[in-house]
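This report describes a predicted model. Its topics are the surface, fold and local geometry of the chains.

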Amino acid sequence: MGRKTKVKNREGLGGKTTENRGWGSKIAMVYIAGIDIGSAFSKAVVMAKNEIISYHVMPSGGDYKLAAEQVAGEALAKAKLSLKDLAYTVATGYGAANVSFSNQAVTDISCQGRGIFYLFPSARTVIDIGGQFTKVFKVDERGRAIAFLQSEKCAAGSGRFLQIIARVLQIDLEDIGDLSMKSQNRVDFNTGCAVFAESEAISRIAEGAAKEDILAGLHRTLAAKIQTMVERIGIEPDCAVVGGGAKDIGLVKSIEERLGCSLLLPEEPQIVAALGAALIAGEKVSH
Amino acid sequence: MTEEKKPEERKKRRTATEAASRIGPMVKATIGGTVQAREEGKPIAYSFICCCYDEIIRAMDIVPVWTENYAGVCGAKRDAQRFLERAEAENFSRSLCTYALCGLGFDAWREELGEMPPESPWGGQARPDMMLGSGQMLCDPRNKWYQASQRYMPDVPVYDVGLPWPPYEDDYDYREVQDYYVKYIVEELKGLVQFLEKHTGRKMDWDRLSELVDLADRTWNLIWETYELRKAVPTPMGTGDAMNTMVPMVFMMGTQEAYDFYKELNDELKHKIANKEGEIPDEKYRLIWGGGLPAWFALTDFNYFNNKGAVFPVETTYRMVEAIYHFDIDLSKITDPLEHVAWRWVKFWTYWYDKAKKRPGSHPDVERLIQYIEDYKIDGIVMHEAFSCRSWHVGLIWQLNQLKKVYRDIPSLILESDIVDISSYNEADTRARIDAFIDTLEAVKSRGR
């Protein structure tokens with residue numbers, strides 16, 4: 001993979017572009033939304049004229065229907081809008097069926113593909129590190145998913161792995177990345193299983209290992225799992241990483257090390273599926 | 001002891017063919033028949049499918065109890081967990097074959113009670129007079145399961161029949177060694193006949209055996225011809241139905257009933273094709289079930305595929321026959337019935353060897369996939385990794401990789417769960433994967449438009 005420079009999309013999340021890859025140029029001030037109800041986090045993106053005007057992320061909790069209403073409500077409030085202002089809403093994610101106010105549900109890989117195409121048109125391989133599963137998929141020159149792999153049902157290789165370890169180490173999830181980057185003596189783990197890794201982490205704490213070294217080791221383990229999935233599907237540059245797990249810079253660095261290439265990383269990787277859902281909603285109203 | 005309340009049965013899978021809809025009652029009657037046979041004092045044998053001895057036990061009027069089938073029924077009725085838990089309590093590992101675990105748990109419970117466990121699915125699994133195992137490549141439960149069952153039934157004898165076939169290598173011709181394999185299998189089958197004669201007090205009727213072997217040959221040909229009809233567009237029958245219509249193939253081979261079933265299925269499929277009546281009204285994607293036993297508790301997933309416009313005109317699982325007249329030897333000239341069965345066995349398992357040798361990097365299993373993809377106009381492959389079954393599931397990912405290397409990249413989906421253990425299954429996740437797979441199929445198809 002020739003590309004070695006990590007690229008962040010320009011101008012925040014909107015990824016402004018001179019190309020017309022969206023729908024906004026055809027219509028004026030029509031508001032649409034994408035709602036992604038993931039197993040761990042819910043995300044909402046509100047757009048108008050092919051631009052993100054607001055978004056919100058919050059834990060899904062145990063009531064997906066309520067989460068959908070709340071996350072949409074928060075995103076709309078930021079834009080000083082309400083549900084009745086939306087011309088079209090697309091739902092996606094594990095709890096998409098619970099978004100009672102959506103016009104349509106679309107699979108998350110289609111939304112991720114659409115969202116990543118908007119942000120990084122050159123991306124052909126996408127790693128989505130979600131709360132419950134990690135997916136690796138390939139997209140074509142139009143952002144359509146043409147092949148995909150999903151991690152096994154167990155927590156190995158998913159964001160859940162990091163949540164478990166954050167709890168064991170008594171640190172905030174969002175601090176994992178920066179803390180792990182301070183590691184000077186990475187601890188190597190013998191397992192990719194989240195349950196066994198939890199036990200192993202506790203053992204290493206008892207042995208006096210530093211938190212940052214444990215985290216660096218776990219990133220290495222998680223990255224190895226993701227690497228096998230990428231190799232199975234066959235990497236094609238450019239490769240992007242999205243999902244909540246991509247907010248962990250230590251994990252992203254570990255994956256880059258394992259794959260031997262730089263990854264395209266959105267400013268806000270957690271909302272790419274919701275963004276794609278909103279873009280699909282926009283296409284609906286423009287047609 | 002586990003005595004959980006029997007779970008509610010799920011909604012039945014929707015079948016496309018009338019023939020497939022008859023299978024459930026047929027299996028129920030067969031299982032009930034074994035319990036009745038036990039009461040009538042008829043000899044009963046625990047048996048495995050695809051073990052070359054169908055005609056032998058039929059010729060001696062021995063009633064087979066297909067233990068894999070009973071475990072599958074427990075799984076399909078979502079009533080296997082209590083038997084799996086019982087086996088686990090008996091110190092069997094949960095990572096073993098769950099057919100075997102279910103059967104061992106059932107046997108342990110039945111032998112302890114001296115009667116069927118409470119509310120046993122379809123009346124329960126009859127106690128055998130003998131158990132017929134099999135040494136057969138990777139499937140170790142075939143020779144260990146019944147030995148383990150002897151812990152609960154030490155009075156019931158076991159016979160293991162060895163059934164090898166020449167391994168595939170691309171730098172030799174298996175014909176150089178096939179005679180040795182046939183001789184070995186014939187000796188194994190002779191030993192089986194002696195074992196059965198000893199334990200039943202009956203003598204083999206060799207003329208009757210020859211008649212049944214001939215009937216089985218004709219049934220093989222008829223099945224092959226019937227399944228070939230599914231090449232039609234739209235396909236008149238999918239893999240969901242085939243997971244039913246395999247019953248006469250693997251549990252009733254060597255019976256007139258099996259032959260008649262496929263004759264009726266053949267007629268039904270021809271009628272549907274003549275009327276352009278597909279499995280679903282609007283067939284969009286044609287898929288192959290490219291490997292793995294099904295999750296018996298989740299057969300409605302096939303309906304879910306159907307609802308998305310996807311059909312399965314072909315599968316490699318349970319397609320346990322080839323046309324006899326395609327073999328490179330004339331089986332009709334082999335009059336000794338045991339030798340005839342042995343040759344049929346070896347020729348079945350080596351059927352794709354020559355084709356594979358012609359394509360560097362290929363393999364018989366891969367070659368079979370390629371042939372079906374071409375013949376049945378396939379858009380994508382679905383496989384199922386059942387965690388507890390190594391013999392059928394090892395190498396699936398490798399096959400996909402080789403297919404990509406020697407043939408072409410074709411959309412694929414690997415489902416994950418088990419054959420019997422429902423705790424391995426997540427319906428929401430499975431269906432989300434199917435949805436995503438359908439999206440990729442659509443994207444790939446639209447690229448070609």
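## Surface and charge of chain B

Chain B has an accessible surface of about 17900 Å², and carbon and sulfur atoms hold 49% of that area. Accessible areas come from the Shrake-Rupley method with a 1.4 Å probe, and for residues only the protein chains shown count as cover. The chain carries 58 positive and 73 negative charges, whose mean positions lie 4 Å apart. Lys and Arg count as positive and Asp and Glu as negative, while His and the chain ends are not counted; each charge is placed at NZ of Lys, CZ of Arg, CG of Asp or CD of Glu.

This is a predicted model, in which local features need pLDDT of at least 70 and side-chain atom pairs count only at pLDDT 80 or more, whereas totals for chains, interfaces and linings use all residues. Residues are numbered from 1 along each chain as its sequence is written, chains are lettered from A and ligands numbered from 1 in the order in which they are written, and side-chain values use heavy atoms, with hydrogens and water left out.

## Overall form of chain B

Chain B contains 18 helices and eight strands. Helices (H or I, at least four residues) and strands (E, at least two) are DSSP runs, numbered from the N terminus. The C-alpha trace spans about 65 × 55 × 40 Å along its principal axes. The radius of gyration of chain B is 22 Å, which agrees with the value near 22 Å for a compact globule of 449 residues. That radius is taken over C-alpha atoms, and the globule rule is 2.2 Å times the number of residues to the power 0.38.

Of the 449 residues of chain B, 61% are buried. Buried means under 20% relative accessible area, exposed means over 50%, and partly exposed lies in between (1.4 Å probe, protein chains only). Among the contacts of chain B between residues at least 6 apart in sequence, 78% link residues at least 24 apart; a contact means heavy atoms within 4.5 Å.

## Helix 2 of chain B

Helix 2 covers residues 23–39 of chain B, and its 17 residues should span 24 Å at 1.5 Å a residue; the end C-alpha atoms are 24 Å apart, in agreement. The expected span is 1.5 Å times one less than the number of residues. Buried positions in this helix are I23(B), M26(B), V27(B), I31(B), T34(B), V35(B) and A37(B). Their cover includes helix 1 (18–21), strand 1 (44–47), strand 2 (63–66), helix 4 (67–76), helix 10 (239–251) and helix 11 (256–274) of chain B.

Q36(B) also lies in helix 2, but is partly exposed at 45% relative accessibility. Its C-alpha is 20 Å from that of M153(B), with the two positions 117 residues apart in sequence numbering. After helix 2 comes G41(B), with a positive phi near 80°.

## From strand 1 to strand 2 of chain B

C50(B) sits in the loop between strand 1 and helix 3. Its phi is positive, near 55°, in a residue other than glycine, and at 15% relative accessibility C50(B) counts as buried. In helix 3 (residues 54–59), E55(B) is buried with a relative accessible area of 2%. Leaving aside residues up to four places away in sequence, E55(B) touches L209(B), L212(B), V213(B), A216(B), G254(B), V341(B) and R344(B).

D61(B) belongs to the loop between helix 3 and strand 2. D61(B) is not a glycine, yet has a positive phi of about 55°; with a relative accessible area of 45%, D61(B) is partly exposed.

## Helix 12 of chain B

In helix 12 (residues 300–307), seven of the eight residues are buried: T300(B), D301(B), F302(B), N303(B), Y304(B), F305(B) and N306(B). These residues pack against helix 10, strand 5 (285–289), strand 6 (310–315), strand 7 (380–386), strand 8 (412–417) and helix 18 (427–448) of chain B. G309(B), just after helix 12, has a positive phi of about 90°.

## Chain A and cis peptide bonds

Chain A has eight helices and nine strands, and 57% of its 287 residues are buried. Its exposed surface is about 11700 Å², with 49% supplied by carbon and sulfur atoms. Of the contacts in chain A with a separation of 6 or more, 70% are between residues 24 or more positions apart.

In chain A, a cis peptide bond with omega of about -5° joins P237(A) and D238(A); D238(A) is in the loop between helix 6 (211–233) and strand 9 (239–242). In chain B, V233(B) and P234(B) are joined by a cis peptide bond with omega of about -5°, and P234(B) is in the loop between helix 9 (206–228) and helix 10.
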